[in-house]
Amino acid sequence: MREPRLSKVRRSLTAVAAALALGPLGCGKPPEADPPAGLLPAVTPLALDSLSFLVDGQQSAVLQRSALLQRFAKETVRVWDPFEQAEVAFEALPLLPVLDAGLGQGWRQRKDLLFVAKDGYTAPLPVARLLARKAWLAVAKAGGQPLVLRPKAGGTIEAGPYYVLWDSLGDAELRAEGDHGWPFQTVRIELADLAQRWPRLQLPPTATAAEQRGAAVFTGWCLPCHAIGGQGGGVGPELADPIGVVHVWQRPWLAAWIDDPAKVRRGAKMPAPPLPAGDRHQHIADVIAYLQAVTPTPTTAP
Ligand code: HEC
């Protein structure tokens with residue numbers, strides 16, 4: 001039951017972030033204003049429900065919710081929701097025109113977009129997927145109801161201000177991918193060359209096939225939550241700097257953790273990652289090979 005667990009870690013972390021931002025001691029400083037150095041650019045949305053856009057690290061636009069609703073025609077859209085595991089109707093804006101307005105037309109010729117959530121979750125979405133399939137930005141549930149998801153296994157997810165929907169009702173392939181590529185709580189969309197934006201995540205040209213496969217797994221399934229040398233998502237801990245997990249964990253336990261953290265530590269906050277289709281143990285070995293390749297060798301002993 002990976003979706004509810006995934007959403008649970010995100011939800012609880014978001015609740016903490018929200019409490020920090022809104023509580024009496026929060027001084028009105030939004031949580032994303034204070035990430036570790038290099039994690040996120042020094043740009044914060046003007047309001048919690050505005051959507052900001054970055055092109056190669058430079059802010060290109062900020063659209064307030066009212067402007068979004070005025071500029072783009074809201075549709076009622078029915079999709080198979082991967083969290084609720086049911087057909088759900090949303091009020092949503094067509095995503096491509098919103099991206100044109102925020103990023104300029106040039107994004108269509110590029111490779112990757114990053115959807116960044118309030119809590120630092122950073123989902124890369126390939127431009128090719130956006131151009132091949134119909135996608136929307138949900139602003140509410142149908143009838144103007146709040147954008148709250150009710151995962152099948154229980155609990156709720158506050159998916160606002162913006163939640164990416166795909167035309168999944170009749171698309172078996174999309175449905176098989178589960179919630180992968182359905183970022184919620186989106187507050188920022190970035191057009192970025194991943195290699196330039198995050199050089200620390202790049203493998204040297206001499207990388208082995210296993211390391212390259214591991215890089216693809218890492219980008220899709222780990223990077224949304226984890227950073228390497230401060231570059232990547234901010235939900236989970238840093239994995240390489242100053243001392244990498246590949247140096248402080250014994251290899252078999254690292255593999256066991258990545259497979260299912262709860263089997264290694266009671267109360268672990270990382271959900272068992274869904275990982276791509278195919279041999280799960282192979283994917284885990286590949287991702288460890290990748291981590292090994294991008295982690296500097298420690299120069300000091302404990
Ligand atoms: C939904 C967010 C999320 C995803 C996706 C995720 N992690 Fe984590 N990860 C976490 C959190 C949160 C922790 C901290 C766990 C805790 O303290 O209980 C963590 C902890 C870890 C740790 C232990 C770090 C340490 O120093 O103790 C490793 C190693 C790790 N993750 C690797 C991975 C790998 C590899 C992937 C991809 C296959 C991955 N994680 C995917 C959220 C995530």
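Among contacts in the protein chain between residues at least 6 apart in sequence, what percentage join residues at least 24 apart? The figure is 66%, and it is a suitable thing to keep in mind while moving through this model, which is predicted. With the whole protein chain displayed, there are 10 helices and 13 strands to find, and of its 302 residues 37% count as buried.

**First stop: the four-stranded sheet**

Select β3, β4, β7 and β10, which in that order form an open sheet of four strands with antiparallel pairing. The edges are taken by β3 (75-81) and β10 (163-166), and because each has a single partner strand, one side of each is left without a neighbour in the sheet. Ignoring direction, neighbouring strands of this sheet are turned by 60° against each other on average.

Begin at the β3 edge, where β3 and β4 (residues 86-94) are joined in the antiparallel sense over seven bridges, and where Asp81 can be picked out opposite Ala86 in β4. The hairpin made by these two strands, β3 and β4, has four residues between them, and Gln85 there adopts a positive phi near 55°.

Continue from β4 to β7, to which it is linked by five bridges in an antiparallel arrangement; if Leu93 is selected, its bridge partner in β7 is Leu137. From β7 (residues 135-141), the antiparallel pairing with β10 extends over four bridges, and Trp136 faces Leu165 in β10.

**Second stop: the five-stranded sheet**

Now select β2, β1, β11, β5 and β6, the order in which five strands make up an open sheet whose pairing is mixed. Here β2 (58-63) and β6 (122-126) are the edge strands, each with a single partner strand, so one side of each has no neighbour in the sheet. From one strand to the next, the twist averages 20°.

Within this sheet, display β1 (residues 51-55) together with β11 (residues 186-191), a pair that runs in the parallel sense over four bridges, with Ser52 placed opposite Arg188 in β11. Adding helix α3 (residues 95-103) to the view shows a helix that packs on the sheet and touches β1, β2 and β11, its direction making about 125° with that of β2.

**Third stop: a pair of helices**

Two packed helices are described by the angle between their axes and the distance between the axes. Select α7 (residues 209-221) and α10 (residues 280-294), whose axes come within 7 Å and cross at roughly 100°, which means that α7 is roughly perpendicular to α10. To see the contact itself, show Ala210, Glu211, Arg213, Gly214, Ala215, Val217 and Phe218 on α7, which meet His283, Asp286, Val287, Ala289, Tyr290 and Ala293 on α10. Coloured by class, the residues of this contact of α7 with α10 divide into eight nonpolar, two polar and three charged.

**Last stop: the ligand**

Finally, centre the view on the ligand, around which 22 residues are found. Which residues are the closest to the ligand? They are Cys222, Cys225, Gly236, Lys269 and Met270. Among the elements that contribute to this shell, α1 (2-22) and α9 (251-259) each supply at least two residues. Colouring the shell around the ligand by class gives 18 nonpolar, two polar and two charged residues.

Key: Residues numbered from 1 in each chain as written. Predicted model: local features only at pLDDT ≥ 70, side-chain atom pairs only at ≥ 80, totals over all residues. Near = placed C-beta within 6 Å. Nonpolar A, V, L, I, M, F, W, Y, C, P; charged D, E, K, R; others polar. Axes fitted to C-alpha atoms, helices over the stretch in contact; angles between N-to-C directions. Parallel < 35°, antiparallel > 145°, perpendicular 65-115°, else oblique. Contact = placed C-beta atoms within 7 Å. Pairing = 2+ DSSP bridges. Buried ≥ 20, exposed ≤ 12 C-beta atoms within 10 Å, placed from the backbone.
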